[in-house]
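Q: I am a first-year student, and I would like a close look at one part of this protein. Could you take me slowly through the charged pairs, and then through the nonpolar residues packed inside?

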Amino acid sequence: MIITTSRKPSQRTRSFVRDLERTLNLPYVQRGKLSLKELFEIDKHILLIGEFKANPGTLIVYDVENNRKLSSFISVKLQREICGEKIYNNDGIKIRVSRELQNNEDFKKYYEIYNEFLFQHLNIDEDSNITLKLEKDPKYLFNIQFYKNRVKIGPLIRVKSIKLFDNLYD
């Protein structure tokens, strides 16, 4: 899986993508003039961060092999806004679900979707000191918060909505 952006991302979107690149330990491909088809030749699973009013606003995961995509409206907090520094992850990541969400039936559906499109393409390592934690939020479907040894490091991704498409170009 690779991470990329819309064609001319704002500075805030570039910062957010760099945070994801460092935390998830995934390669970032600068979009420039590359079309979606050209990106699909680089990798069959693409994490694309789109914008809304010069801020990261959409998280789209393309699954080229199965000709479908996951689209989520998001709001974010950058790593520097949470912990004030850049955190690098050279290994895998472990995934955890907060207690409040573990028995929530609606959340289980969201988790299955995110697992199928995104989480299964990450380097999962139960011994990692970096944790991707899914947490409850009263205003949103759920939050994705990153921790290093139980300390919040960011970025924070608030997931507002999820939509699945059976066509890559819808």
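A: What follows takes the salt bridges one after another and then turns to the nonpolar cores.

The model is a predicted one, and in it eight salt bridges are counted. One of them joins R12 to E81, with 2.8 Å between the closest N and O atoms. Because R12 belongs to helix α1, which covers residues 11-24, while E81 belongs to helix α3, which covers residues 79-82, this pair ties together parts of the chain that are 69 residues apart in sequence. Both partners can be placed on the scale of accessibility: R12 is partly exposed, at a relative accessible area of 23%, and E81 is likewise partly exposed, at 38%.

Helix α1 also holds a salt bridge within itself, for R18 pairs with E21, and here the closest N and O atoms are 3.1 Å apart. These two residues are three places apart in the helix, so about one helical turn separates R18 from E21. R18 counts as partly exposed, with 37% relative accessibility, and E21 is partly exposed as well, with 22%.

A similar arrangement can be followed in helix α5, where E105 forms a salt bridge with K108 and the closest N and O atoms lie 3.4 Å from each other. Since E105 and K108 are three residues apart in this helix, which runs over residues 105-117, they too are separated by about one helical turn. E105 is exposed, because its relative accessible area of 54% is over the 50% cut-off, whereas K108, at 33%, is partly exposed. Elsewhere, salt bridges with shared partners link D63, R68 and E116 into one network.

Now for the nonpolar side of the picture. In soluble globular proteins, nonpolar side chains tend to be buried together. The largest nonpolar core of this model has 37 residues, and the members that touch the most others are L20, L47, Y114, L132, F142, I144 and F146. At least two core residues come from each of several elements, including helices α1 and α5 and the strands β2 (45-52), β3 (55-63) and β4 (68-77).

L47 is a useful residue to follow on the screen. If its neighbours within four places in sequence are set aside, L47 is in contact with M1, I2, I3, T4, L20, L59, I60, V61 and L118. Apart from the largest core there is another one, made of 11 residues, and I2, L39, F40 and V64 are among them.

Note on methods
Residues numbered from 1 in each chain as written. Predicted model: local features only at pLDDT ≥ 70, side-chain atom pairs only at ≥ 80, totals over all residues. Heavy atoms only, no water. Salt bridge = Lys/Arg side-chain N within 4 Å of Asp/Glu carboxyl O. Helix = DSSP H or I, 4+ residues; strand = E, 2+ residues; numbered from the N terminus. Buried < 20%, exposed > 50% of the residue type's maximum accessible area, 1.4 Å probe, protein only. Core = buried A, V, L, I, M, F, W, Y, C linked by side-chain atoms within 4.5 Å. Contact = heavy atoms within 4.5 Å.
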